[in-house]
Amino acid sequence: MMARNLIKPPAVVELLKRNGIKVVTLYDADPGALSALANTGIKVGVSLPNQYLADAAGDMSYARQWVQSNVKAYSKTLIDSVAVGNEVFHQVPGLTPQLLPAMKNIQAALASTGLADAVKTGSYLSFNIYPYFAYKAKPHEIDLNFVLFRTNNGHLDPQTGLTYYNLFDAMVDAVFHAVEKLSKSRQRTRSPGTGRMLGSSDDLILESFRSASTADAQTYNSNLISKILRGTGTPYKPNAVISANIFSLFNEDLKPGNDDERNFGLFNPDGTPVYEVDFVRPGPAPAPAAPSWCTANVAVGNKRLQNALDYACGHGADCSAIQPGKPCYQPNTLVAHASYAFDAYYQTCNGNAASWCVANAAAGDTRLQAALDYACGHGADCRAIQRGGRCFDPNTKVAHASYAFNAYYQHNGRSDQSCDFGGCGSVVHQQPRFGNCVL
């Protein structure tokens, strides 16, 4: 860490304990830190710095010596992962050819010292994810609420049909898709039985970054921690096990570069918090977005309204109700008819016209029960799924959760986010039936 007046490792350990932080990652294998973390139960990740990559790649004896001195020697410290290099492609691209050989040698060295099972070396996909920098590059195109896990209308992915309510999930799923694409490509060139394919694990270690604003940083990291503690996956991988390392523990006032690089810390160098974050108890999930409607603007004139009305009715909006003799024909004005057509088009494109919310069986009974309890405790009328109620049968978790989810979804104006339930719910457009229970 590059900071003045940084507290000593024993004080850092007390800070971690006081805040309930149970996992920490080092960018090296600092002896003082590793000694201070002994017998604490705190899981520690160590790193082989970039300057040693070439040595570890070219000399197996060096790799064994590094593992012996920086991992094996600290038997009372719970070292559970070793990273080889840091942002090599970006920071030292000339060493990129050395990265894989170094990783293989370090892994072999761990195995030769009996640490292959205790230390993660190849079973986890680990990557850095940068919602802050994505937003910083396009602040006028990306909704800040979408970045900070706050209530928003979501973004529909036209390729998968999945709706995303935060940038973090969208970026994680982009990696999932990329790894799966790579795996399929390699499958075409590998013979069966050659080993585990890349991307076969849903376990991820993610490194996430704070926003420049202190208030936004607090919101982002608090909501990220809550997401991790709730155990929710992503829209594409609802059962993915995601853990996260937040960069960084301390602000670094001596670090070169711009102010962003010096102010990623959760704590100041003296150990005082930059802002309050609860690392132990998850906060509530974001509230569903308020229902919304689309109406005509009379100021644009009749010609433009008629053209827009014709477009809406010709591109998915059900305009039968504004035909003569139908329920919404009166008042027979262009503004009224255009408002009906615009809103029908708007609701259809948002996926909320004639829609229901049902449970995703793949989420598993434990998560479905937790989401069911949340729905019934936050506005859904769940009396019909109580014993003796009209929808108690079939008495299955999926059927009961679907009823509760849909009741909550309808109660909250059928906003897409009110059917999310951390990936446990899905919006459908055909009325569901469970036995004799029609939602």
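Biologist: Which hand does the link of Cys-376 and Cys-382 have, left or right?

Modeller: Bear in mind that this is a predicted model. Here the sulfurs of Cys-376 and Cys-382 sit 2.0 Å from each other, and the pair is joined as a disulfide. Turning about that S-S bond gives -95 degrees, and the hand of the link is left-handed.

Biologist: Of Cys-376 and Cys-382, which one counts as buried?

Modeller: The cut-off for buried is under 20% relative accessible area. Cys-376 comes out at 27%, so it's partly exposed. Its partner has a relative accessibility of just 8%, so the buried one is Cys-382.

Biologist: What about Cys-313 and Cys-319: what's the torsion about their S-S bond?

Modeller: These two are joined by a disulfide, with 2.0 Å from S to S. The link is left-handed. The value about the S-S bond is -95 degrees.

Biologist: And is Cys-313 buried, exposed or partly exposed?

Modeller: Start with its partner: Cys-319 has 9% relative accessibility, so that end is buried. Cys-313 has a relative accessible area of 29%, and buried would need under 20% while exposed would need over 50%. That leaves Cys-313 as partly exposed.

Biologist: Which hand does the disulfide of Cys-391 and Cys-437 have?

Modeller: The S to S distance for this disulfide is 1.9 Å. The torsion about the S-S bond is about 85 degrees, so the disulfide of Cys-391 and Cys-437 is right-handed.

Biologist: How many residues apart in sequence are the parts that Cys-391 and Cys-437 tie together?

Modeller: Cys-391 lies in the loop between α14 (365–377) and α15 (397–411). Cys-437, on the other hand, belongs to strand β12 (residues 437–438). The pair therefore ties together parts whose separation in sequence is 46 residues.

Biologist: Are Cys-391 and Cys-437 buried or exposed?

Modeller: Cys-391 has a relative accessible area of 3%, and for Cys-437 the value is 4%. Both values fall under the 20% cut-off, so Cys-391 and Cys-437 are buried.

Biologist: How does Cys-328 count for accessibility?

Modeller: Its relative accessibility is 31%. Buried needs under 20% and exposed needs over 50%, so a value in between makes Cys-328 partly exposed.

Biologist: Zooming out, what pattern do the disulfides of the chain follow?

Modeller: The count comes to 4 disulfides. Among them are Cys-313 to Cys-319, and Cys-391 to Cys-437. Number the bonded cysteines along the chain, and the pattern reads 1-2, 3-7, 4-5, 6-8.

How values were computed. Residues are numbered from 1 along each chain as its sequence is written. This is a predicted model: local features need pLDDT of at least 70, side-chain atom pairs count only at pLDDT 80 or more; totals for chains, interfaces and linings use all residues. Side-chain values use heavy atoms; hydrogens and water are left out. A disulfide is a pair of cysteine sulfur atoms within 2.5 Å. Buried means under 20% relative accessible area, exposed over 50%, partly exposed in between (1.4 Å probe, protein chains only). Helices (H or I, at least four residues) and strands (E, at least two) are DSSP runs, numbered from the N terminus.
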